[in-house]
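User: I'd like to learn how to read pockets, cavities and confidence scores in a model. Could you walk me through them?

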Amino acid sequence: MARHASWKRNHGMGEQVGAERSSRQGGGTVRSAVLIVAVGVVLGIAYNYLGLLGNPVFGLEWLARPPEEDVYVLEGSDPAEEAASGEDEYIEVDDPMAVFAPAPDLPEIPDLPRPIQIQMSAAKKFFDAEGAVFVDARDEADYVLGHLPEALNLPFDVAATDPALLESIDTGGRPIITYCGGGECETSISLAWFLLEAGHTRVTYFPNGYSGWEEAGYPVVRGGKGEE
Amino acid sequence: MQALAVFLRHPYTRRAAQIAIGVVFLISGLAKIGDLQSFALEVHNFRMLPVWSENLAAMTLPWVELIAALSLLLAIRPRAGSVVAAALMAVFLVAVGVAQARGLDITCGCFGTADGTRVGWIKLGENLVLFGLSALGYLRGQAVS
């Protein structure tokens with residue numbers, strides 16, 4: 001990135017420098033800028049090298065490997081996927097509430113010590129059957145602009161500092177479905193982790209978040225927290 | 001208009017801009033260097049670079065910030081420091097803008113993990129101001145013709 005930045009500067013600012021009256025000094029500025037970037041890069045690499053030798057190690061591996069995504073996708077939460085996959089993974093479910101499965105057509109959420117990714121279509125099934133507690137991980141301002149009906153608002157950064165708030169959610173034995181604004185939805189996954197740490201079980205999230213939900217034409221409501 | 005141009009090109013204005021941007025880069029650089037692992041994760045969350053290069057960016061970028069900050073604060077080739085700062089801010093502007101356009105819901109990691117600010121319009125505005133300050137630090141104090 002640093003090299004890229006210096007390339008950019010050379011070609012972007014270089015023209016401005018050319019327009020300067022004293023172009024010799026301008027050339028010096030560009031050279032010094034390249035020097036600053038070069039010194040930074042060298043020091044960064046040297047520091048990281050020391051970091052790899054250090055105890056404890058604080059340096060980074062030279063080339064990053066794709067991180068092992070800690071994602072468990074619920075099997076069979078999508079009808080098309082269900083038909084395609086022949087090898088189902090069986091997980092022992094150790095949750096007494098599982099026997100009170102609210103409706104037969106809802107996918108069963110296993111009790112795992114990690115957030116479980118479900119398809120938006122599965123989330124919709126839970127929504128229709130009121131079989132899950134929906135938690136909105138976005139800011140209150142976004143929540144007020146539009147959210148899933150009945151969804152609680154628990155902004156991710158607030159949740160991070162207030163465990164009591166996390167524990168106060170009454171699920172009535174239902175699984176929790178978190179969601180965020182859209183995209184990869186890191187915040188809803190983080191919130192899901194916080195909920196698990198606070199003692200909740202069967203915490204799920206669906207990617208695409210609120211924007212995906214709204215685009216699909218599923219019901220949304222606008223307004224504050226009062227209406228729940 | 002003339003007065004504004006004189007103000008923007010006044011040596012004191014330039015020096016103040018250089019110090020301001022130097023302080024910002026000093027803090028952000030040190031915060032990132034203090035927790036490289038977290039910063040590497042933030043870089044990954046932006047999903048802008050090929051995965052293999054993310055660590056190389058994460059380990060060098062904070063040091064470039066730091067050296068640029070020292071150049072600006074200690075007035076050692078401060079105009080060059082301003083150029084580097086402006087280039088970095090341009091990169092950050094693009095990164096935040098692209099993340100915003102893609103609808104990524106991520107923390108920016110701009111000041112290490114202490115900064116939980118999420119990527120959004122406010123962050124874009126901040127970056128734009130910092131870019132402006134960097135450019136100001138570069139301006140030469142010469143008569144307006």
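User: What volume does the second largest pocket have, and which residues are closest to its centre?

Analyst: Rolling a probe the size of a water molecule over the atoms shows where empty space is left. On a 1 Å grid over the protein atoms alone, a cavity is a set of points where a 1.4 Å probe fits but cannot get out, while a pocket is an open set with protein on both sides within 12 Å along at least five of seven lines; lining residues have an atom within 4 Å of a point. Points are joined across faces, edges and corners, and the volume is the space filled by probe spheres set on them. In this predicted model, the second largest pocket has a volume of about 670 Å³. Of its 25 lining residues, D142(A), Q100(B), D105(B), V119(B) and G120(B) are the closest to the centre. Two or more residues each come from α5 (140-145) and α9 (209-215) of chain A and from α5 and α6 of chain B (helices are DSSP runs of H or I, at least four residues, and strands of E, at least two, numbered from the N terminus).

User: What classes of residue line that pocket?

Analyst: Its lining has 7 nonpolar, 10 polar and 8 charged residues. Here Ala, Val, Leu, Ile, Met, Phe, Trp, Tyr, Cys and Pro count as nonpolar, Asp, Glu, Lys and Arg as charged, and the others, Gly among them, as polar.

User: How many cavities are there, and what lines the largest?

Analyst: The search finds 2 cavities of 30 Å³ or more, and the largest has a volume of about 360 Å³. It is lined by 26 residues, with K32(B), F39(B), F92(B), C108(B) and C110(B) nearest its centre. That lining divides into 19 nonpolar, 3 polar and 4 charged residues.

User: Where should I be careful with the coordinates?

Analyst: Where pLDDT is low, the predicted coordinates should not be read in detail. pLDDT is the predictor's confidence in each residue, from 0 to 100. Chain B averages 88, and chain A has a mean of 76. In chain A, pLDDT stays under 50 over residues 1-22 and is below 50 over residues 79-89.

User: Any conventions I should know?

Analyst: Residues are numbered from 1 along each chain as its sequence is written, and chains are lettered from A and ligands numbered from 1 in the order written. Local features need pLDDT of at least 70 and side-chain atom pairs 80 or more, whereas totals for chains, interfaces and linings use all residues; side-chain values use heavy atoms, leaving out hydrogens and water.

Notes: Contact means heavy atoms within 4.5 Å.
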